Amino acid sequence: MGKKQQTWELRLYVAGKTPKSLTALQNLKKYCETHLQGQYKIEVIDLLVHPQLAEGDQIFAIPTLVRKVPEPIRKIIGDLSNEEKVLVGLNIRPVKQLRVE
Amino acid sequence: MPRLLAKSRTGINGLDEITVGGIPQGRTTLICGGPGCGKTLFSMEFLVRGAIEFGEPGVFIAFEEKTDELATNVASLGFNLEKLQKEKKLRLDHVHMERSEIEETGEYDLNGLFIRLEHAINSIGAKRVVLDTVENLFASLTNEGILRAELRRLFHWLKEKKVTAIITGEQGEGNLTRHGLEEYVSDCVILLDHRVINQVSTRRLRIIKYRGSVHGTNEYPFLIDENGITVLPVTSLKLDREVSLERISTGMPSLDEMFGGKGYYRGSSILISGTAGTGKTSIAACFVNETCKRRERAVFFAFEESPAQIVRNMKSIGLNLAHHVKRGLLQFHSARPALYGLEMHLSTIYKIVKMVKPTTVVLDPITNLASVGLNVEVGSMLLRLIDHLQGEGITVLVTALMKTLDEQMDEGMSSLVDTWISIKDIEANGERNKMLYVMKSRGMKHSNQVREFMISNDGLKLVEIYLGPGGILVGSEREEQKLQKLTGKDLQDQQQRGLMARRRQENAMPKNQN
């Protein structure tokens with residue numbers, strides 16, 4: 001990957017600690033640890049606490065994962081249970097073939 | 001006594017009349033229709049009127065247009081959304097959804113939308129909510145199962161929030177809405193329609209369903225113009241207006257004479273029918289002139305000539321209408337009938353009348369309107385118009401152009417008008433003369449005689465026709481007869497004088513001879 005180290009800024013919008021939100025967060029952490037070790041930031045925003053933030057990122061579904069950086073902004077809604085879709089959605093190149101195990 | 005359904009007034013002209021008080025309060029109303037039928041404007045007017053007139057702040061959630069676009073679009077209706085937003089009477093939120101930017105994986109719900117909506121409602125204490133168009137969700141999200149469940153939850157939630165809501169939906173084939181929104185909304189459904197008949201577009205509104213309330217079931221025409229939306233209830237005609245006993249001059253002493261010397265009733269409707277060039281406009285102008293002389297306001301709707309043309313033409317018969325225009329007593333409004341649809345004409349007239357508050361209104365000629373609509377529609381429009389004007393105590397004078405001499409006036413007018421004056425041409429002996437008679441005049445004594453109607457530099461005049469042994473004599477024949485009568489008398493006089501003179505001479509002669 002060379003010197004061009006990039007930090008991935010990810011934002012996860014949730015509404016309270018619902019099972020769906022928890023699953024999403026767990027999934028996200030797992031994928032990031034696997035593929036973006038040391039180059040990511042996850043910010044969890046609870047809309048029940050900050051409802052005014054929903055408008056800015058055009059959130060209508062919960063949970064929603066927003067990739068702020070690198071641009072362009074991308075969104076994935078749902079509990080992120082499908083790893084492949086999440087990686088494609090975030091445009092992350094897997095570190096190694098996943099099915100090697 | 002059981003509690004009646006509470007209603008929320010929309011403030012939209014005419015709609016509250018049809019719905020007998022507005023849309024159901026604290027419930028959701030569905031407005032559906034094809035593209036361009038005015039759904040967004042309708043719902044926006046509901047919010048704006050609510051905010052301005054009824055002190056109910058509103059939230060507009062736009063799924064289609066951006067908020068600034070929306071503000072620009074409705075600015076043409078005189079709505080200042082920015083000001084309302086600043087005053088915290090209105091809140092716009094654009095829910096932007098782009099399929100290409102969104103990936104779906106696994107379970108989700110629309111709590112984000114709920115939270116945004118709730119935040120918007122709470123921030124201004126909204127009582128009214130519009131979702132325009134919720135169906136856009138279907139275009140951006142693939143999981144229909146989740147969507148449907150969430151929509152159902154949304155409508156329940158709106159009810160719990162006790163806000164009066166309008167949701168809009170695009171009309172689908174065979175269905176009211178493309179995605180069957182009507183299943184979720186069971187209280188009130190309004191269908192808007194935009195159709196073109198004879199190249200003239202008409203917008204119509206129909207209340208398909210209104211649970212727990214009586215409502216008008218017809219299709220009602222409606223208009224969108226610079227004052228917003230106006231729904232025109234066609235059948236709210238009642239025959240219960242007050243009548244006036246006051247009589248007002250027709251502007252022609254000789255015509256007044258035909259009505260017992262007093263003229264028309266104030267607030268009555270007068271029809272002047274005749275073939276082309278019989279002086280209908282002149283009689284109308286005379287009446288307008290008389291109205292303005294009494295320092296009352298009059299409005300002249302011309303569908304044939306321009307104001308300048310009428311002023312010029314009437315000057316030739318000694319009526320100075322320009323003077324009244326200058327003093328602000330007289331207003332002209334000219335429009336080609338084909339310029340817009342009947343409803344638009346009707347509403348324009350309503351609006352001008354509301355603004356000017358005249359005591360006399362002239363429509364010249366109404367028959368031209370027949371070119372823009374079907375006969376039935378023209379008839380019903382005129383009925384509504386005349387009824388409306390008379391309800392306001394305005395004297396209405398309409399002229400009607402007859403194409404042939406024997407044509408029956410059949411826009412349903414004959415039964416509607418109180419006074420009907422008919423003018424006919426009589427062509428004989430190389431000249432054309434006009435005959436005027438009163439076909440009917442309700443509630444007053446009127447002459448049964450046919451008069452000759454003359455237009456000269458000094459104005460309009462009715463002349464008694466000569467009923468001689470040779471029948472009716474008009475025009476130059478009548479003049480001749482008159483002249484003959486006069487000359488005959490002169491001749492007689494002269495003869496007499498001659499005779500007398502001769503006698504005197506004869507008497508004197510002998511003396512001289514002597």
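## Helix 10 and its two sides

A residue counts as buried here if 20 or more other C-beta atoms lie within 10 Å of its own, and as exposed if 12 or fewer do. With that in hand, welcome to the structure, which is a predicted model. Which residues of helix 10 of chain B are buried? In this helix, made of residues 307–315, they are Ile310(B), Val311(B) and Met314(B). Seen down the axis of helix 10 of chain B, these buried residues fall within an arc of 100°, so they line one face of the helix.

The other side of helix 10 of chain B looks quite unlike that face: Ala308(B) and Lys315(B) are exposed there. What do the buried residues of helix 10 of chain B pack against? Their partners are helix 9, helix 11 (321–326), strand 16 and strand 17, each of them in chain B.

## The open sheet of chain B

Strands 16 and 17 of chain B also belong to an open sheet of 9 strands, with the order 17-16-18-19-15-20-21-22-23 and mixed pairing. At its edges are strand 17 (330–334) and strand 23 (459–464) of chain B, each of which pairs on one side only. Neighbouring strands of this sheet are turned by 20° against each other on average, direction ignored. Helix 9 (residues 280–293) of chain B packs on the sheet, where the strands it touches include strand 15 (269–274), strand 18 (360–364) and strand 19 (395–401) of chain B. The direction of helix 9 makes about 165° with that of strand 18 of chain B.

## Strand 20 and its neighbours

Strand 20 of chain B is a good place to follow the pairing on both sides. With strand 15 of chain B, strand 20 pairs in the parallel sense over 5 bridges. With strand 21 (residues 431–441) of chain B, strand 20 (residues 419–428) runs antiparallel, and 10 bridges join the two. One residue takes part in both pairings: Ser422(B) in strand 20 is the bridge partner of Ser273(B), and Ser422(B) has Tyr437(B) as its bridge partner in strand 21. Thr419(B) is matched in strand 21 of chain B with Ser441(B).

How many residues lie between strand 20 and strand 21 in the hairpin that they form in chain B? There are 2 residues between them, and Asn429(B) in the turn has a positive phi of about 50°.

## Helix 2, mostly covered

Helix 2 of chain B covers residues 39–53, 15 residues in total. From its first C-alpha to its last, helix 2 reaches 21 Å, close to the 21 Å expected at 1.5 Å a residue. This helix is mostly covered, with 12 of its 15 residues buried. Among them are Phe42(B), Met44(B), Phe46(B), Leu47(B) and Val48(B), as well as the charged residues Lys39(B), Glu45(B) and Arg49(B). After helix 2 of chain B comes Gly55(B), whose phi is positive, near 60°.

## Where chain B meets chain A

Between the two chains, 21 residues of chain B are in contact with 28 residues of chain A. On the chain B side, strand 6 (102–104) and helix 5 (111–124) each supply at least two residues. The largest share, 7 residues, comes from helix 5 of chain B. Sorted by class, this side of chain B has 7 nonpolar, 6 polar and 8 charged residues.

Strand pairing also crosses from one chain to the other. Strand 4 (residues 74–77) of chain A and strand 6 of chain B run parallel and are joined by 3 bridges. Within this pairing, Ile77(A) has Glu104(B) as its bridge partner.

Methods: Residues are numbered from 1 along each chain as its sequence is written. Chains are lettered from A and ligands numbered from 1 in the order in which they are written. This is a predicted model: local features need pLDDT of at least 70, side-chain atom pairs count only at pLDDT 80 or more; totals for chains, interfaces and linings use all residues. Two residues are in contact if their C-beta atoms, placed from the backbone, lie within 7 Å. Helices (H or I, at least four residues) and strands (E, at least two) are DSSP runs, numbered from the N terminus. Two strands pair if DSSP finds at least two bridges between them. Axes are lines fitted to C-alpha atoms, for helices over the stretch in contact, and angles run from 0 to 180 degrees between N-to-C directions. The arc is that of the directions from the helix axis to the C-beta atoms. The expected span of a helix is 1.5 Å times one less than its number of residues.
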